[in-house]
Amino acid sequence: MAEPESKSRKSLKQAFAIGKEIGKAMGTRAIGTYASSIAFFIFLSFVPIVILVAWVISRFGITAENMTAFFAELVPDVAYDLMASIVSDAYANTTGIVPFSLIILIWSASLAINSLIVALNAIYGVEEHRNGVWRFLAAVLYTLVLLAMLIIILFLIFHKKIMEGVSRGGTKG
């Protein structure tokens, strides 16, 4: 006569069944493709973010050397030369590079948000009724809202330093 299965064995079988179902769903819904698309556009927005951060920080009297030393602690050695050149370019040529960086940042971040919308729709089986242009415009709006929230958060965190820089008249040093 067969011995009845224990509770732990049943729950283990259920866990494996759930894992198998998740793996099957990930394969049929191309989650890896969507994840790589989102990661690509986020990485593409990284350079304009560094340029804009360096430009903003340069307005508060922090030198390019201090900024590159800060990035030396954050980035791997292979990326340090790239970061140093981006920071020095941001400090040297702010008139043309900042507006261009802002446009590239909004464009690439919007593409990341658009890819996220498409991925979530595919994962949850939602049929999109908007055409691609309207979906992209919604992604641009979401991106602008997220950037505004980020700016507000950064202002709340660094408001004392910002007010000190403004009260000095924005002079470096």
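This report walks through the helices of a predicted model, a pair of neighbouring helices, three residues of helix H6 and the largest pocket.

**The overall picture**

Let us start with the chain as a whole. It has 173 residues, and 25% of them count as buried. What kinds of elements does the chain contain? There are seven helices and zero strands, so the run of elements from the N terminus reads α-α-α-α-α-α-α. It also helps to know how contacts are spread along the sequence. Among contacts in the chain with a separation of 6 or more, 73% are between residues 24 or more positions apart.

**Helices H2 and H3**

Now for a pair of helices that follow one another in the numbering. Two packed helices are described by the angle between their axes and by the distance between those axes. For helix H2 (residues 31-44) and helix H3 (residues 46-58), the axes come within 4 Å and cross at roughly 30°. Because angles under 35 degrees count as roughly parallel, H2 is roughly parallel to H3.

Which residues meet here? From H2 come Ile-42, Phe-43 and Leu-44, and from H3 come Phe-46, Val-47 and Pro-48. The residues of this contact are six nonpolar, no polar and no charged.

**Three residues of helix H6**

Helix H6 spans residues 94-124, and Ser-101 lies in it. Leu-120 is found in H6 as well, and so is Ala-119. The table sets out how accessible these residues are.

| Residue | Relative accessible area | Class |
|---|---|---|
| Ser-101 | 3% | buried |
| Ala-119 | 4% | buried |
| Leu-120 | 40% | partly exposed |

Ser-101 is called buried because its relative accessible area of 3% falls under the 20% cut-off. What does Ser-101 touch? Leaving aside neighbours within four places in sequence, Ser-101 is in contact with Pro-48, Ile-51 and Leu-52. Pro-48 has already appeared above, as one of the H3 residues that meet H2.

Further along H6, Ala-119 touches Tyr-34 and Ile-38, not counting residues up to four places away in sequence. The C-alpha atoms of Ala-119 and Ile-38 are separated by 8.8 Å, although these residues are 81 residues apart along the chain. Tyr-34 can also be placed relative to Leu-120: the two are 86 residues apart along the chain, with 9.0 Å between their C-alpha atoms. Leu-120 is partly exposed, because its relative accessible area of 40% lies between the 20% and 50% cut-offs.

**The largest pocket**

Finally, take a look at the largest pocket, which has a volume of about 1000 Å³. How many residues line the largest pocket? There are 27, and those nearest its centre are Val-53, Val-56, Leu-150, Ile-151 and Leu-154.

Where does the lining come from? H3, H6 and helix H7 (132-167) each supply at least two of the lining residues. Of the helices, H7 gives the most, with 10 residues. By class, the lining has 24 nonpolar, two polar and one charged residues.

As you turn the model, you may like to begin at the contact of H2 with H3, where Ile-42, Phe-43 and Leu-44 meet Phe-46, Val-47 and Pro-48. From there, Pro-48 leads to Ser-101 in a contact, and H3 is also among the helices that supply the pocket lining.

Key:
Residues are numbered from 1 along each chain as its sequence is written. This is a predicted model: local features need pLDDT of at least 70, side-chain atom pairs count only at pLDDT 80 or more; totals for chains, interfaces and linings use all residues. Side-chain values use heavy atoms; hydrogens and water are left out. Axes are lines fitted to C-alpha atoms, for helices over the stretch in contact, and angles run from 0 to 180 degrees between N-to-C directions. Angles under 35 degrees count as roughly parallel, over 145 as roughly antiparallel, 65 to 115 as roughly perpendicular and the rest as oblique. Contact means heavy atoms within 4.5 Å. Ala, Val, Leu, Ile, Met, Phe, Trp, Tyr, Cys and Pro count as nonpolar, Asp, Glu, Lys and Arg as charged, and the others, Gly among them, as polar. Buried means under 20% relative accessible area, exposed over 50%, partly exposed in between (1.4 Å probe, protein chains only). On a 1 Å grid over the protein atoms alone, a cavity is a set of points where a 1.4 Å probe fits but cannot get out, and a pocket is an open set with protein on both sides within 12 Å along at least five of seven lines; lining residues have an atom within 4 Å of a point. Grid points are joined across faces, edges and corners, and a volume is the space filled by probe spheres set on the points.
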